[in-house]
Each structure stands twice: as C-alpha cells, then as structure tokens.
Amino acid sequence: MTPPTWVFDLDNTLYPAASGLFQEVDRRIHRFMVERLGLSPDEVPRLRSRYKRAYGATLGGLMAHHGVDPQEYLRYVHDVPLERHLGPDPGLRGDLEALDGAKVVFTNGSVEHTRRVLGRLGVGSLFEAVFDIAFMDYVPKPRPHGYRKLLEALAVPADRCVLVDDLEENLDTGRALGMVTVRVAPRGTPSTHLRVGHPRNLPALFDSAGPPFLPSCTETP
Ligand SMILES: [Mg+2]
C-alpha cells in the first residue's frame with residue numbers, strides 16, 4: 001500500500017498557537033487596514049467579520065472593496081520578527097521524518113511566509129510543496145475551491161490524503177471531499193475529527209499496518 005500524502009496546515013498546526021506568531025500576524029492585518037487604508041480602528045473588527053463571512057477571510061473583502069493588491073497585503077501582514085516567536089524544532093523534524101509519505105503545506109498564508117517559517121523551524125526540506133492562498137486563487141480555506149485544486153495537483157485520491165489542521169471548519173471541508181482529517185488541538189477540545197495535541201502524536205494515531213487508515217484511537221495526548 002502506498003503511503004498517504006500528508007497535507008499540513010501551517011499556522012497553529014506546525015508551530016504552536018502559544019508562540020504568539022499568529023496573533024502578531026493578526027495585529028498586522030489590523031494595522032494594515034488602519035495605516036494603509038485609512039480605516040478607523042473602531043471600524044476594523046466589524047469590517048473584518050463581515051469580510052470573513054462573505055469571502056472566507058479579510059483579504060477577499062479588501063481585494064473586492066478596497067482594491068488591495070494581495071501580494072502587497074501578504075508581504076505586509078507577514079512582516080513579523082519570526083525569531084521572537086519561533087526557534088528550530090528538532091523534535092518536530094524527527095516526528096515528521098517518522099511519518100511515511102509525501103508531505104505538503106496547504107495554507108491561507110503565502111508561500112514566502114510558509115518557507116520562512118519552515119526554515120526557522122528547521123523542517124523546510126521535508127515538504128515537497130507549498131500550496132498557498134495565491135494557488136487557491138485567493139479563495140481561502142474552508143471554501144472547497146482550493147481543496148479541489150489541491151487534490152487535482154496532488155493527483156492522489158482524497159482518501160489517501162491526511163489533512164492536518166487546527167481549525168474544525170477547515171477539516172469539515174476536507175472530510176466532505178473524502179480526505180482523512182486530523183485536528184491539532186488540546187485534549188478535551190470538542191471535535192468530530194480525529195485529534196492530536198501535537199503533530200508528534202500522528203504516528204500513534206494511525207496503524208501503519210492497517211489498510212488504508214485504521215485509527216488506533218481517536219484521543220492521544
Ligand atoms: Mg491554522
């Protein structure tokens with residue numbers, strides 16, 4: 001049996017939410033809207049929720065209603081001092097090496113940001129490809145458009161892909177398309193997907209001898 005293809009989300013999945021990096025990017029999105037677009041700080045949260053509902057992410061609304069260039073936006077919001085939040089993670093490298101099968105990143109961020117983060121963690125060479133928001137034609141997860149493009153590009157049946165993400169809604173779409181889904185979240189988090197507390201626990205979740213995926217359990221630390 002050919003090994004599965006591992007499809008990893010980046011933010012708060014390959015590095016922990018506690019690093020604060022994702023919150024820093026979030027603050028820069030706010031700043032972009034105030035500084036570059038001249039919006040009032042009070043107005044920003046409301047607009048962001050409206051755009052998130054309508055387009056799946058803030059960026060979609062900024063492109064549709066403010067003429068924002070997505071590349072410029074992504075460069076701005078990802079311009080964060082990574083070294084303040086992340087360091088090399090040899091443990092993660094070993095854990096990923098232990099997973100048989102090709103690994104790719106599937107993220108609502110940019111390929112440049114992803115490569116920088118993977119490089120900082122010391123795991124860049126383990127990923128064969130990065131499928132980013134530009135690849136998804138700026139239609140973010142959890143919208144199915146990017147997932148369909150991803151599956152086509154991978155040329156692997158959906159049920160041979162393991163989608164690993166920290167967000168329930170991103171996994172819901174993957175499952176609807178037939179992917180095997182694993183949520184990275186603390187123990188006790190309500191989820192209808194398989195769950196691990198850390199990517200290191202992925203091997204324990206799958207019985208490598210079983211065809212094609214036999215979760216040995218649905219709760220690991
Ligand atoms: Mg994430």
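**Strand 5, its neighbours and three loop residues**

Pro142 sits in the loop that lies between strand 3 (129-131) and helix 7 (144-154). In this predicted model, a cis peptide bond, with omega of about 5°, links Lys141 to Pro142. The points below take up strand 5 and its pairing, and then the loops.

**Strand 5 and its surroundings**
- Strand 5 (residues 180-184) is mostly covered, since 5 of its 5 residues are buried.
- Val180, Val182 and Val184 point one way from strand 5, whereas Thr181 and Arg183 point the other way, and all of these residues are buried.

**Pairing and crossover**
- Strand 4 (residues 161-165) and strand 5 run parallel and are joined by 4 bridges, and Val180 in strand 5 is the bridge partner of Val162.
- Between these strands the chain passes from strand 4 through helix 8 (residues 168-176) to strand 5, in a β-α-β crossover that is right-handed.
- Strand 5 also pairs with strand 6 (residues 194-196) in the parallel sense, over 3 bridges, and here Val196 in strand 6 is the bridge partner of Val184.

**Loop residues with positive phi**
- Tyr138, which also lies in the loop between strand 3 and helix 7, is a residue other than glycine with a positive phi, near 60°.
- Tyr138 counts as buried because 21 C-beta neighbours lie inside 10 Å, where the cut-off for a buried residue is 20 or more.
- Asn12, in the loop between strand 1 (5-8) and helix 1 (21-36), likewise has a positive phi, near 65°, although this residue is not glycine.
- Asn12 is partly exposed, because 18 other C-beta atoms lie within 10 Å.

Key: Residues numbered from 1 in each chain as written. Predicted model: local features only at pLDDT ≥ 70, side-chain atom pairs only at ≥ 80, totals over all residues. Buried ≥ 20, exposed ≤ 12 C-beta atoms within 10 Å, placed from the backbone. Helix = DSSP H or I, 4+ residues; strand = E, 2+ residues; numbered from the N terminus. Pairing = 2+ DSSP bridges. Right-handed = clockwise from strand over helix to strand, strands pointing away.
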